[in-house]
Amino acid sequence: MLFWVIAAILTLGASLAVLLPLAGGAKGLSSSRDHDLEVYRDQLSELDRDAARGLIQPAEATEARAEIARRILRLDSGSAGKTSTSRASVAAKLVATMAVLVVPLVSWGLYAKIGSPDLPSQPLSERLAKNPADSSVDELVARAEAHLAANPSDGRGWDVLAPVYLRMQRFSDAVAAYRNAIRLDGDSSVRQAGLGEAIAGAAGGIVSADAQKAFEAAQKLDPANAKASFYLAVALAQEGRVKEAVAAWQAMLGKLPPDSPWRGAVEQALAKSGNPEMAAGEAAKGPDAADIDAASSMSPQDREAMINTMVAGLGEKLRQNPRDPEGWMRLVRSYVVLGKPDQARDALGRAIAVFGADSDEAKKFTAFAASLGLTATE
């Protein structure tokens, strides 16, 4: 019942806010005409008094009376036009008033029919207090975030939440959570590999210098860490060291158990790197439905990393088919993310040279590079 009372008060206030200005517009019209007519009558009376005292000549008095009469006639004709206008205005205001009154009535009727005014509220505190078995993933994450906001030194909590963030593709949050877990509960191969995966995911699948450092730390702590080995091979491929990447993946494939979830990722990466021209072409055009199906056993970030293993091949593809503006921008961005500004600047210069320094493409390249913090050389 309280809901309907509050809704009625708010609806009434909104309706009055619209209706009151509409109701006050026509009052000033007749009062203005009556005032002007009274002024002209006073002028005629004063004119008669001046003529009787001899203060004004009869001819001048006649001319003045005629002028005042013309003004009175103009006032009458103007009021007639304003009257017709005011009638149209009144009709428009009537339509507006009807609309203002109909909208809340219709909306209330629809809400009463299809709405749920009796649905109980669901405050966050009550949802967080539910049995975890009855909670959704988002509610569990919110519960964990609320706990860590109150207990930021709980390293175990950060360690549990970090991989959840990673699966939800909240890469920046995953990076922060892994760093907190490492800082509070110490280093481990699993945490370092997760940190590297989160950094690579935040960079669109590019294994940057920070991500590579984390994977190397994970591999140092546990040489059998499959995630670290896979991504370090990805880093080699992205640097153009395809043969070394293939050797790393082949060695990894020989050590993985048959039921390892990483076997599919390694086999797919080897298939793509087996033909450099094919790999370069696929790196340029990006993943298709077949790629997604073939890599269905991988996590989203692993799949994205695998598709980006041939960044160096993209450079070779652009040498063969240089008039590809999107390809040049992808290549520049990849080098920037990899921490290789000189190669990024060289790619930018080659792209500008292909299309001409005064072309629209060159302007687009320059603006894009500036957004990455990169400037073209002379």
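Is Arg-170 buried, partly exposed or exposed? Keep that in mind; Exercise 1 settles it.

A note before you start: this is a predicted model, where local features need pLDDT of at least 70, side-chain atom pairs count only at pLDDT 80 or more, and totals for chains, interfaces and linings use all residues. Residues are numbered from 1 along each chain as its sequence is written, and side-chain values use heavy atoms, with hydrogens and water left out.

**Exercise 1. Place Arg-170 and find its salt-bridge partner.**

Step 1. Start with the cut-offs: buried means under 20% relative accessible area, exposed means over 50%, and partly exposed is in between (1.4 Å probe, protein chains only). Arg-170 has 29% relative accessibility, so it counts as partly exposed.

Step 2. Now the partner. A salt bridge needs a side-chain nitrogen of Lys or Arg within 4 Å of a carboxyl oxygen of Asp or Glu. Arg-170 makes one with Glu-145, at 3.0 Å from N to O. Glu-145 is partly exposed too, because its relative accessible area is 29%.

Step 3. Check where the two sit. Helices (H or I, at least four residues) and strands (E, at least two) are DSSP runs, numbered from the N terminus. Arg-170 is in the loop between α6 and α7 and Glu-145 is in helix α5, 25 residues apart, so this pair links distant parts of the chain.

**Exercise 2. Work through two more of the eight salt bridges.**

Step 1. Take Arg-156 and Asp-159, whose side chains meet at 3.9 Å, N to O. They are three residues apart in helix α6, so about one helical turn separates them. Arg-156 counts as exposed because its relative accessibility is 54%, while Asp-159 is buried, with a relative accessible area of 18%.

Step 2. Next come Asp-346 and Arg-350, bridged at 3.1 Å, N to O. Both lie in helix α18 (residues 341–355), four residues apart, or about one turn of the helix. Asp-346 is partly exposed at 44% relative accessible area, and Arg-350 is partly exposed at 22%.

Step 3. Finish with the network: salt bridges that share partners join Glu-145, Arg-170 and Asp-173.

**Exercise 3. Describe the largest nonpolar core.**

Step 1. A nonpolar core is a set of buried Ala, Val, Leu, Ile, Met, Phe, Trp, Tyr and Cys residues joined through side-chain atoms within 4.5 Å. This one has 45 residues, and Phe-230, Trp-249, Met-252 and Trp-262 touch the most other members.

Step 2. Which helices feed it? At least two residues each come from α5 (137–150), α6 (155–167), α7 (171–185), α8 (189–202), α9 (209–221), α10 (226–238), α11 (242–255) and α12 (262–273). The largest share, 10 residues, is from α10.

Step 3. Don't miss the second, separate core of 17 residues, which includes Leu-318, Tyr-335, Ala-344 and Ala-351.

**Exercise 4. Classify the ring pair of Phe-230 and Tyr-231.**

Step 1. Rings of Phe, Tyr and Trp (its six-membered ring) pair if their centres lie within 6.5 Å; planes under 30 degrees apart count as stacked, over 60 as edge-to-face and the rest as tilted. The structure holds five such pairs.

Step 2. Here the centres are 5.7 Å apart and the planes stand at 85°, so Phe-230 and Tyr-231 are edge-to-face.

Step 3. Look at burial: Phe-230 is buried at 0% relative accessible area, and Tyr-231 is buried at 0% as well.

Step 4. Zoom out a little. Ring pairs link Phe-215, Phe-230, Tyr-231, Trp-249 and Trp-262 into a cluster.

**Exercise 5. Find the phi value that stands out at Gln-169.**

Step 1. Recall the background: most residues other than glycine have a negative phi.

Step 2. Gln-169 has a positive phi, near 60°, and is not a glycine.

Step 3. Gln-169 sits in the loop between α6 and α7 and counts as partly exposed, at 42% relative accessibility.

**Exercise 6. Sum up the whole protein.**

Step 1. Count the secondary structure: 19 helices and zero strands.

Step 2. Of the 378 residues, 33% count as buried.

Step 3. With contact meaning heavy atoms within 4.5 Å, look at pairs at least 6 apart in sequence: 54% of those contacts join residues at least 24 apart.
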